Amino acid sequence: MASELKRHAVRIAANYIRLVLGFVIGIAMVPILLRAAGEDGFGVIGLLGSATGILFIIREVVNNALTREVGAAYHEGAESFREHYASAIVLSAVVAGVTFVLYLGLIFVLPLLNIPDALMNAARWMIVIQSFEVLFRITTAAPINLLLVQERFVAHNVVHFMRKFAEISTGIAVLLAYQSMSASAVLILYAIVASSLNILLQILAVGWLIHVDRSALPRLRFANRTATARIVRTAKWNVAVACATTLHLRIDVVIMNLLFGIVGTSVMVIGIRLTGYMRQLVFGMTDGLDAVAVRMHHKGGAEAIRPLIRYTTRIHALVVVPAALFLIFFADPIIRVWITRALDDPDAFVRDTTLVIQALAIGFASRAISDSWMHIMYGAGHVRRYAPLIAIGAVLNPILGLVFYYVLPQSIAIASIAAGTSTVFFFIHFIGLPVVLRRTLGVPIRDAYAPLIRPTLMALIALPVALVFRYKVQDWTLLWLIATMAAFGLVYAGLCLSFAMDRAERAMFIGILRRRLPPALGGTRIVSGMSGANGAGDP
C-alpha cells in the first residue's frame with residue numbers, strides 16, 4: 001500500500017508542477033493574442049481549433065487506445081508488448097496519413113464559417129501548416145504514450161510542459177512582431193512558429209526515449225493482425241467517448257460563431273478556457289490514472305480499484321467544489337483584471353463572458369469530478385459499458401443548446417449554448433456514470449457521492465468570507481483578487497483539515513507540513529549535514 005501511495009504521489013506531484021506552469025502560461029497567452037491579433041484574430045484561432053476538432057479527436061482516440069492496449073500488453077510480458085507496440089506504430093502511421101488528408105480538406109469548409117474576409121486567407125494557411133504538425137504527432141503517438149504505459153510520469157510531464165513553453169514562445173514571437181504586421185500575417189506567423197516548435201519537441205522527446213529505453217525503438221516486423229485488431233476494437237468504442245468529451249465544446253464554439261459571429265466565438269473560447277482551468281486543477285490527479293488502473297486491475301481486479309475510486313472522488317471534490325463556487329461569484333472581476341486592457345469594448349465583452357462562465361461552471365465541475373471515474377473504468381477495460389451513455393450526451397449537447405437559445409430571454413441568450421453543455425455534463429457525467437460504476441466495478445452509488453458531502457459543506461461555510469470582498473470591493477485589481485482567494489482558501493483549508501479529513505490523514509498532512517517548515521516556525525526540518533552519521537537530510 002505504501003508503495004502504491006508513493007506511485008500516486010509521484011504521478012500527482014509531477015502532473016501539478018506541469019499544470020501550474022501551464023496555467024501561468026495559458027493565462028498569459030490570452031491577453032497576448034488579443035493584443036497581437038485583435039478580437040477577430042483571437043476568435044479565428046479559437047474557431048479553427050474547434051472546426052478542426054474532429055481531427056484532434058482522432059489523435060485523442062489513438063492516444064487512449066494505445067495507452068489501454070499497449071499498457072495491458074506491457075504487463076502481460078515482453079512478447080505481447082513487442083507485438084502490440086509494433087502494431088501500434090503501424091496503425092498510428094496509417095491513421096496519420098488519413099488524418100492529414102482530411103485536415104487539408106477542411107480548407108473547403110472555411111467559407112461556411114463566419115470568418116472576416118480579411119482573415120480568410122490566413123485561416124487557410126493555418127490549416128495547411130497545422131496539418132503537418134498533426135501528421136507528425138499522430139505518427140509518433142506510440143513512443144510518447146509509452147511514457148504513460150511505463151508510468152514515467154515525470155518525463156511525460158516534461159514533454160507536456162515543453163509544449164506549453166512552445167506556446168508562450170509563440171506568443172512572445174507574435175507580440176514582438178505584431179505592430180509591423182497585419183492581423184492576417186500575425187495569424188500565419190503564429191501557426192508557423194507553434195507547429196515548428198511542436199514538431200521539434202516531438203522529435204527530441206522520441207529521440208530521448210529511444211536513447212534511454214531500447215524497447216521504444218520501432219521494430220515493425222513484430223506487428224501482426226491480432227494485436228492490431230485488439231487496438232482497433234478499443235479505439236472504436238473510444239471514438240464515442242472522445243467525441244462526447246472533446247467535440248462537445250468544439251461544436252459549441254462553431255455554433256456560437258454561426259449565431260453570434262466572431263466576437264461570440266471569442267467570448268465562448270475565453271469562457272471555456274477559464275472554466276477549463278478548473279478541470280486542470282484535478283487533471284494532475286487524473287492524468288495517467290488510466291495507466292495506473294490498467295496495472296491495478298491486471299493484478300487485483302475490481303476489488304483492488306474500488307478504494308482508488310473513493311479516494312480520487314474525494315480529492316477531486318476538495319479542489320473542484322470551492323473552485324466552481326469562486327468562479328460563479330467572481331467571474332466578472334476575474335475577467336476585468338485578466339483581459340480588459342486588451343479589449344476595445346470591455347464592458348459588453350466582460351458581461352457576455354461572465355454569463356457564459358457562470359453557465360459552464362456547474363457542468364465543468366460535474367465533468368471534473370467524474371473524470372476520474374471514466375479514467376478508472378477505461379483502464380479496467382470497461383469503455384464499452386459507458387461509451388453509449390457518453391455518446392448520448394454528444395447528440396443531446398447541440399440540441400439542448402439550441403433549445404435554450406430559443407427559450408431564454410434575448411438578454412442572456414449568449415449563455416444558451418453554454419447552458420446546454422453544462423446540462424449534459426451534469427446529467428450524463430455526474431448522474432449517469434455512477435450507475436455504470438455500480439454495474440461494472442460493483443461500486444454502490446452512495447459510495448460515489450458520499451466523498452463529495454464534506455468538501456461541499458466546507459466550501460459553502462467558507463464562501464461568505466469571499467462574498468464580503470465581492471460586495472465591498474469596487475475597483476478590482478490583481479492584489480484584491482489574490483487577497484480574496486487567499487482569505488477564502490485559508491478558511492476552507494482550515495475547515496477541511498478539521499472536519500473533512502480523518503485522523504490518519506490529518507496526522508500525515510501535519511507531519512509533512514512540519515517536516516518542511518524551519519524550526520523557527522515550529523517545524524522539524526533538519527539542516528543538511530546535521531542529520532546523522534550518513535549526512536542524509538530530510539527528503
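These legends accompany several close-up views of a predicted model.

**View 1. Two acidic residues and one arginine form a linked group in this view of helices α9 and α10.** Start with Arg 336, whose side chain meets that of Asp 332 in a salt bridge, with 2.8 Å from N to O. Asp 332 and Arg 336 are four residues apart in helix α9 (residues 289-339), so about one helical turn separates them. Now look for Asp 347, whose side chain also meets that of Arg 336 in a salt bridge, this time at 3.3 Å from N to O. Because Asp 347 lies in helix α10 and Arg 336 in helix α9, this pair ties together parts that are eleven residues apart in sequence. Asp 332, Arg 336 and Asp 347 are therefore drawn together here as a network of salt bridges. Asp 332 is partly exposed, with a relative accessible area of 21%, and Arg 336 is partly exposed too, at 33%. As general background, side chains of opposite charge can pair when their charged atoms come close.

**View 2. Helix α4 carries a salt bridge between Arg 137 and Glu 133.** The side chains of these two residues meet with a distance of 3.0 Å from N to O. Both belong to helix α4 (residues 117-139), where they sit four residues apart, or about one turn of the helix. It helps to remember that an α-helix has 3.6 residues a turn, so residues three or four places apart point the same way. Is this pair buried or exposed? Arg 137 is buried, and Glu 133 is buried as well. For context, a search of the whole structure finds four salt bridges.

**View 3. Helix α5 is largely enclosed by the rest of the structure.** This helix covers residues 141-149, and nine of its nine residues are buried, which means that the rest of the structure largely encloses it. Following the helix along the chain, you meet buried residues including Ala 141, Ala 142, Pro 143 and Ile 144. Asn 145 is also buried, as are Leu 146, Leu 147, Leu 148 and Val 149.

**View 4. Helices α10 and α12 run roughly parallel to each other.** The axes of helix α10 (residues 346-379) and helix α12 (residues 416-441) come within 8 Å and cross at roughly 20°. An angle under 35 degrees counts as roughly parallel, so α10 is described that way relative to α12. The crossing of α10 past α12 is left-handed. One residue to find here is Ala 418, which lies in helix α12. Ala 418 is buried, with a relative accessible area of 0%. What is the C-alpha to C-alpha distance between Ala 418 and Ala 361? The answer is 9.3 Å in space, although the two are 57 residues apart in sequence.

**View 5. A nonpolar patch on the surface includes Ile 399 of helix α11.** The patch has an area of about 520 Å². Its residues are Ile 392, Val 395, Leu 396, Ile 399, Val 403 and Val 407. Ile 399 is found in helix α11, which covers residues 383-407. With 46% relative accessibility, Ile 399 counts as partly exposed.

**View 6. Three pairs of residues, separated along the chain, are shown with their C-alpha distances.** In the first panel, Val 254 of helix α8 (residues 225-286) is shown with Gly 46: they are 208 residues apart in sequence and 9.4 Å apart in space, C-alpha to C-alpha. Val 254 counts as buried, at 18% relative accessibility. In the next panel, Ala 185 belongs to helix α7 (residues 183-212) and is partly exposed, with a relative accessible area of 25%. Its partner is Ala 37, which lies 148 residues away along the chain, with 9.2 Å between the C-alpha atoms of Ala 185 and Ala 37. In the remaining panel, look for Leu 457 in helix α13 (residues 445-472). Leu 457 counts as partly exposed, at 45% relative accessibility. Leu 457 and Tyr 492 are 35 residues apart in sequence, and their C-alpha atoms are 9.9 Å apart in space.

Conventions: Residues are numbered from 1 along each chain as its sequence is written. This is a predicted model: local features need pLDDT of at least 70, side-chain atom pairs count only at pLDDT 80 or more; totals for chains, interfaces and linings use all residues. Side-chain values use heavy atoms; hydrogens and water are left out. Patches are made of residues with over 30% relative accessible area and no salt bridge: like charges are joined within 9 Å, nonpolar side chains (Val, Leu, Ile, Met, Phe, Trp, Tyr) within 5 Å. Accessible areas come from the Shrake-Rupley method with a 1.4 Å probe; for residues, only the protein chains shown count as cover. Buried means under 20% relative accessible area, exposed over 50%, partly exposed in between (1.4 Å probe, protein chains only). Axes are lines fitted to C-alpha atoms, for helices over the stretch in contact, and angles run from 0 to 180 degrees between N-to-C directions. Angles under 35 degrees count as roughly parallel, over 145 as roughly antiparallel, 65 to 115 as roughly perpendicular and the rest as oblique. A crossing is left-handed if the near helix is turned anticlockwise from the far one by less than a right angle, and right-handed if clockwise.
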